[in-house]
Amino acid sequence: SEQVGLLRQFLESCPPPEVQPRALTASYWADAGACRLQPTNPVEALVGHLLRRPDVREAIGEVAGAEWWWQDVDQEDPPKVYHTDQNLWLEDDGTSTRRHPAFGSVLYLTGQGGPTVVF
């Protein structure tokens, strides 16, 4: 569809993210208000569209924004093993804290990719 084409075009034109050299993934934060009113790229437009839907608002309530990320996976790479999306950081006392997103979605830009389970 046209939206997928626009999304592919955007992703190909993204400036390199501020990550380590030779990184194969990066994440971005999209403010909910900006996504609803004035998205700057197709991903933010999609987030804004979802946040304006009454059924989505009813399911998730008000949110501050959305994290989105890309991952460059070569077709020769082995499939990802079971994992959960999470933010993990070390506290000052040396312990770790792990947080999982309350809601998630997956958008494949090609016809390839393994099954995805969201729970």
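Which side chain of opposite charge is nearest to E44, and how far away is it? In this predicted model, the answer is R52, at 10 Å. E44 is buried and has no salt bridge; a salt bridge would need a side-chain nitrogen of Lys or Arg within 4 Å of a carboxyl oxygen.

**Surroundings of E44 and V43**

E44 belongs to helix α3, which covers residues 42-52. Apart from neighbours within four places in sequence, E44 touches A30, C35 and P39. With the same kind of neighbours set aside, V43 is in contact with L7, F10 and W68.

**The nonpolar core**

The largest nonpolar core has 9 residues: L7, F10, A30, A32, C35, V43, V47, L51 and W68. Two or more of these residues come from each of α1 (2-13), α2 (32-37) and α3. The most are given by α3, with 3 residues. Two contacts of E44, A30 and C35, are members of this core. V43 is itself a core residue, and its listed contacts L7, F10 and W68 belong to the core as well.

**The β3-β4 hairpin**

Strands β3 (residues 87-90) and β4 (residues 96-99) run antiparallel and are joined by 4 bridges. Two of the bridge partners are given below.

| Residue | Bridge partner in β4 |
|---|---|
| W89 | T97 |
| L90 | S96 |

Between the two strands of this hairpin lie 5 residues. In the hairpin, G94 has a positive phi near 95 degrees.

Definitions and conventions
Residues numbered from 1 in each chain as written. Predicted model: local features only at pLDDT ≥ 70, side-chain atom pairs only at ≥ 80, totals over all residues. Heavy atoms only, no water. Buried < 20%, exposed > 50% of the residue type's maximum accessible area, 1.4 Å probe, protein only. Lys, Arg positive; Asp, Glu negative; His and termini not counted. Contact = heavy atoms within 4.5 Å. Pairing = 2+ DSSP bridges. Core = buried A, V, L, I, M, F, W, Y, C linked by side-chain atoms within 4.5 Å.
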